[in-house]
Amino acid sequence: MAESAATAGLENFLAAVDLGSNSFHMVVAEEVGSDIRLHDRLREGVRLAEGLRDDGSLDPEVEKRALDCLARFGQRLRGIRPERVRVIGTNTLRQASATEGFVRAIENTLGYPLEIVAGREEARLVYLGVAHSLAVDARERRLVVDIGGGSTELIAGQGFIPDLRESLHFGCVASTRAYFPDEQITAPACERLEKRARMAVEPMLEDFASHGWDQAVGSSGTIKSIGRILAEGGQGPRITRAGLHWLREQMMRLGSVRALTRLKGLKPDRASVFPGGFIILFALFESLGLQEMRFSEGALREGAIYDLLGRIHQEDTREMSICSLQERFHSQVLRNQSVARWAERFFTSATRTWPLHGGHQQWLHWAALTHDIGLDIAHSGFHKHGEYVWRNADIAGFSRREQGVVAALLRAQRKRLPGLAQLRSLGVAAEDVAPLQQLAILLRLAILFHRGALPLAAPPELTVTGRHVVLHLPARWLTDMPLLAADLEQEQEWITPDFHLQW
């Protein structure tokens, strides 16, 4: 009883966990009317990027450090409904290609699914968190910089809308390890890192300059530390270009990472990754011609909270992205909506036997609405073109896993049904293979019945038993529509031996 009462008391709570390359963060908040009230903000320095190996695996000691942290986070999350929690992985988890076991361990430890997001999606969430943390004027243009452990996000937007989103493949942990491996801070090392950062930013300078901004805002731990040091050194209250030149001189005078702890305002656990993060910000100031920057506590985890609120209150960024895909690739929107309705009717029937859930239903819905986008590229192999778009495009609101499974569904919508080996080669996780094959069957049937004119407004009844799929068709359908019979026979051949189709 006590546990049920406690769970009921958390009904309006939301949480976001940010598994960054340097630190893990968690925010727990309560939805109060149209706003949120912060209850907890937790941070632990895990240094996940330190454990990333060349083969895409993670050092076991770093994995243990991460899971120990998440066990503590998980205790605070207990009782919050799954649909009101987001767990987001960023750069290191994007690069860690041999960590399926670690991902499962994260989910088991926290009790919630992990979303690994692309760099530009990370940038969107960072901007959203910053925008909500400031007094926002809808007309105000802003530049946001977030220097993480493994990547740096650069975003220009207006009000709550990010217009330009870029993710640069370097951050404070990786850069400090690469350019200051012996912990000595030298002028040549600083110059090499500054040059790399400026070269990475150069191709996007024109776009950012054309957009413009009324203020520049920083949101990471590195930028917070820089602001604190400048304030302690009499260079504050904001981060300025002159202040950064002063701090660079102080770093060069101290000469080593260990000696940086003498800087007032720099916490000891930040010193070991500070040089890389500082030089990145210095380079951005120089490249973008910045004169000053303010700091915002809002970041990715707060952005994830507000994005989650949008999903709860029917303002889902993912649905807007689907509409954008349909418009961009000239989808047959009304027809696809009908395909989606039929697919969902089949889904409802199939769930009486197949262990499918609401998340699987979302994958099927998104695939049905965009299954024809590849036609805008070429009719030949259009299912492969659609797969490529879903797998590689920056689609706001979606995790890499979501994009991957929808891409695989588009690939599986025609020709021979992909088997276990092919789906695994497409990057589908082992636990997603069986449901994805089942969803592909439902999608294929929904599309098949939309070739040509429909004799009935409603789909036929469908029953499944294991790998047997049975369609209960009105007798006149096959008589009146001989092409339908041919299509079904072809479908029967293509899904064998994995499934058996009867009608």
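What follows is a look at the overall build of the protein chain and at a few local spots in its backbone. The model is predicted.

Starting with the big picture, the protein chain carries 22 helices and 14 strands. Its radius of gyration comes out at 26 Å, which agrees with the value near 23 Å that a compact globule of 503 residues would have. Laid along its principal axes, the C-alpha trace spans about 90 × 60 × 45 Å. Of the 503 residues, 54% are buried. Looking at contacts with a separation of 6 or more, 70% come from residues 24 or more positions apart. As for the surface, about 22000 Å² is exposed, and carbon and sulfur atoms supply 50% of that area. On the charge side, there are 59 positive and 62 negative charges, and their mean positions sit 2 Å apart.

Helix 13, residues 300–312, is worth a stop. Its 13 residues reach 18 Å from the first C-alpha to the last, close to the 18 Å expected at 1.5 Å a residue. Because 12 of those 13 residues are buried, helix 13 is largely enclosed by the rest of the structure. Charged side chains are on the buried list too, among them Arg301, Glu302, Asp307 and Arg311, alongside residues such as Leu300, Ile305 and Leu308. Just after helix 13 comes Gln314, with a positive phi near 60 degrees.

Another buried position turns up in helix 15 (residues 333–350), home to Ala343. With 0% relative accessibility, Ala343 counts as buried. Setting aside neighbours within four places in sequence, Ala343 is in contact with Leu364 and Ala446. Gln361 is 18 residues from Ala343 in sequence, and their C-alpha atoms are 9.1 Å apart.

Then there are the backbone oddities. Most residues other than glycine have a negative phi, and most peptide bonds are trans. Arg47 has a positive phi, near 55 degrees, and is found in the loop between strand 3 (35–45) and helix 2 (60–77). Since its relative accessibility is 13%, under the 20% cut-off, Arg47 counts as buried. Lys415 also isn't a glycine, yet its phi is positive at about 65 degrees. The loop holding Lys415 runs between helix 18 (400–411) and helix 19 (420–425), and at 40% relative accessibility Lys415 counts as partly exposed. Finally, the peptide bond from Thr496 to Pro497 is cis, with omega near 10 degrees. Pro497 is in the loop between helix 22 (482–495) and strand 14 (500–502).

Conventions:
Residues are numbered from 1 along each chain as its sequence is written. This is a predicted model: local features need pLDDT of at least 70, side-chain atom pairs count only at pLDDT 80 or more; totals for chains, interfaces and linings use all residues. Side-chain values use heavy atoms; hydrogens and water are left out. Helices (H or I, at least four residues) and strands (E, at least two) are DSSP runs, numbered from the N terminus. The radius of gyration is taken over C-alpha atoms; the globule rule is 2.2 Å times the number of residues to the power 0.38. Buried means under 20% relative accessible area, exposed over 50%, partly exposed in between (1.4 Å probe, protein chains only). Contact means heavy atoms within 4.5 Å. Accessible areas come from the Shrake-Rupley method with a 1.4 Å probe; for residues, only the protein chains shown count as cover. Lys and Arg count as positive and Asp and Glu as negative; His and the chain ends are not counted. The place of a charge is taken as NZ of Lys, CZ of Arg, CG of Asp or CD of Glu. The expected span of a helix is 1.5 Å times one less than its number of residues.
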